[in-house]
Every structure is written in C-alpha cells, then in structure tokens.
Amino acid sequence: MRKLKVCFSLLLLLLLFCLVFMGRGNVNGDLRLASPSLSHIFGFDTLGRDLFQRVCFATVVSITISVIVSSISVTASSLFAILSFRNKTLRTILLTLVSAFKSIPTVLVGLLFASFFGGSIFSVVIALIISCTFSSFRVLETKVKEIESEEYIMALDALGLKKGRILFFHILPSLFPIMREEWATTMMTSILSESALSFLGIGIDRSIPTLGALLSEARSFLFTKPHLLLFPSLFLVIIGVLVMMIKTGLSELDSFSH
C-alpha cells in the first residue's frame, strides 16, 4: 500500500513539475543544437528551442493521453464484459471483433484514423481507445466467465435472484481488482503506442511536442548530439517505471485484501 501511494505521488509530482515548466520553446536559430548548460540544462533542439520546456510539454501530453485512453477503454471493456454475462450471442460477436482487431497492429489503426481526421490528438486517442478496449475486453471477459461458473453464482441463480442484481452486487465487485490492473497496463500500453505513432510520424501534429516526436527528431543526431535523444528517453523510462510500479502495487493490494 505504501509503495502504491509513493508511486502515485511521484507520478503526480512529475506531472505538476512538467506543468509548471512546460512550453513549446521560442525558435532561436543562433542556439540551434546547442549543448546543455547551466542556464539551459537540456540544451536546444534542431530549431533552437529550449529542449527542457519541450520535454516537459511532451510529458504532460503523454500522461494526459494515457490517462484518458486507459480510463475510457477499461470502462468500455468492463461494460462489454458485464453485458456479455450469460449472453452467448453478444459474447461471440465481441470475441470475433476482438480477434479481428487484435490481428491489426495499433500503428495501422492509427494510420487509418490519421488519414480520416488528420494528425490530431483526437485521431490518436480514438485509435488507442479502440485498440486498448478490445485488448482489455479479452482479459475482463475471461474473468467474468470464471465468476459465472462459480458455485455461489449458480446458487444465487437457482434462488431466483435477478440477473441485474447478480451483476451489480456480485460480478462487478469481483471485477474491480482486475479493472485496476488493466487500467495501469493500458496506461503503459497507450504511452508506448502514442510514442511509437509519433516516432513514425503518424501521431499527433508536430506542432504539439510529444515524447515520440522528440525522439523522432533526435534520431538523426544520435551520435553528434546525444542529448536530444537522452532526455526524452529518460522521461519516457521514468513514466514507464512509475506506471509499472503502480501496477505492481495494485496487484499487491489485491493480494493483501484477500
């Protein structure tokens, strides 16, 4: 429990820190590709913009997108999983859709939405929500199926308890632990997927800094200006470690509650 609180606090502090110092940076050609210094600790990018401000901006964008995507996708997948309770037709349809979408890489889904809506936050978020929802549904549906076969659920059904009451008071509470874990997993997946899309130039418009976009800009200067790659990568790793530790803390919380 203590580890979970610490990790959540650190992630929140990182977000607040980046909110304070974030910025798109003013273009200054004289400082193009300037190395880190005491006054500009991350140096400058290819257009002479302060890299520290841009990394902070990108971190806020990445965390915000991941929270939105994970919250919506886990909520939607949980709803679909609950609705599939003793509904073989709906379950079959949803599992067929899951199999279809799981065979399509997230990058291609992102490319499809980018072609319709352009390189915008909206298109990236929608693409990630669709991919993550079907992925989470597979996990949650399996859990619902396990609960459905439990003896106490069969006993409640035999006693004539209404389906809605069984769902609300027995199925849903049993889903909460795995929903929390899926939220953390989906958050990490969405961060990496958004970074990958931006790195490939499929994601958000380049006018909005993202960690993936910063890494994409830096790849041509890997050996000559490594600071361009180092700092966005460092922040991406920090976010990933904190999110995975949060997932571990949630798992331990569930074990402790049992």
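Is Glu 141 buried or exposed in this structure? Keep that question in mind while we take a walk through the protein, which you are seeing as a predicted model.

Let's begin with the overall picture. The protein contains 9 helices and 0 strands, and reading along the sequence gives the pattern α-α-α-α-α-α-α-α-α. Picture a box drawn along the principal axes: the C-alpha atoms fill one of roughly 80 × 45 × 25 Å. Of the 258 residues, 43% are buried. If you look at contacts with a separation of 6 or more, 73% of them join residues 24 or more positions apart. On the outside, the protein exposes about 13300 Å², and carbon and sulfur atoms supply 69% of that area. Charges are worth a glance too: there are 22 positive and 16 negative ones, and their mean positions lie 2 Å apart.

How confident is the prediction? The mean pLDDT of the protein is 82, and 91% of the residues reach 70 or more. Confidence is highest in helix H2, at a mean of 90, and lowest in helix H4 (residues 106–117), at a mean of 68. Where pLDDT is low, the predicted coordinates should not be read in detail.

Helix H2 makes a good next stop. Running over residues 51–83, this helix includes Val 60. Val 60 counts as buried because its relative accessibility is 9%, which is under the 20% cut-off. Which residues does Val 60 touch, once those up to four places away in sequence are set aside? The answer is Leu 15, Cys 18, Leu 19 and Met 22. You can also try finding Asp 50, which sits 10 residues from Val 60 along the chain; their C-alpha atoms are separated by 16 Å.

One of the residues touching Val 60 is Cys 18, and that brings us to the cysteines. A disulfide is a covalent bond between the sulfur atoms of two cysteines. How many disulfides does the structure hold? It holds 0. For Cys 18, the nearest cysteine sulfur is that of Cys 56, 4.2 Å away. Seen from the other side, Cys 56 has the sulfur of Cys 18 as its nearest cysteine sulfur, again at 4.2 Å. The pair is not counted as a disulfide because the two sulfur atoms would have to be within 2.5 Å. As for their surroundings, Cys 18 is buried, with a relative accessible area of 0%, and Cys 56 is buried as well, with a value of 0%.

Now follow helix H2 to Ser 77. With a relative accessible area of 0%, Ser 77 is buried. Leaving aside neighbours within four places in sequence, Ser 77 is in contact with Thr 133, Ser 136, Phe 137 and Leu 140.

From there we can move to helix H5 (residues 121–148), where Glu 141 lies. Here is the answer to our opening question: Glu 141 is buried, because its relative accessible area is 4%, and the cut-off for buried is under 20%. What does Glu 141 touch, not counting residues up to four places away in sequence? Its contacts are Ala 81, Ser 84, Arg 91 and Leu 95. Among these, Arg is a residue type that counts as positive, while Glu counts as negative. Try finding Glu 141 in the structure and tracing its contacts to Ala 81 and Arg 91 for yourself.

Conventions: Residues are numbered from 1 along each chain as its sequence is written. This is a predicted model: local features need pLDDT of at least 70, side-chain atom pairs count only at pLDDT 80 or more; totals for chains, interfaces and linings use all residues. Side-chain values use heavy atoms; hydrogens and water are left out. Helices (H or I, at least four residues) and strands (E, at least two) are DSSP runs, numbered from the N terminus. Buried means under 20% relative accessible area, exposed over 50%, partly exposed in between (1.4 Å probe, protein chains only). Contact means heavy atoms within 4.5 Å. Accessible areas come from the Shrake-Rupley method with a 1.4 Å probe; for residues, only the protein chains shown count as cover. The place of a charge is taken as NZ of Lys, CZ of Arg, CG of Asp or CD of Glu. pLDDT is the predictor's confidence in each residue, from 0 to 100.
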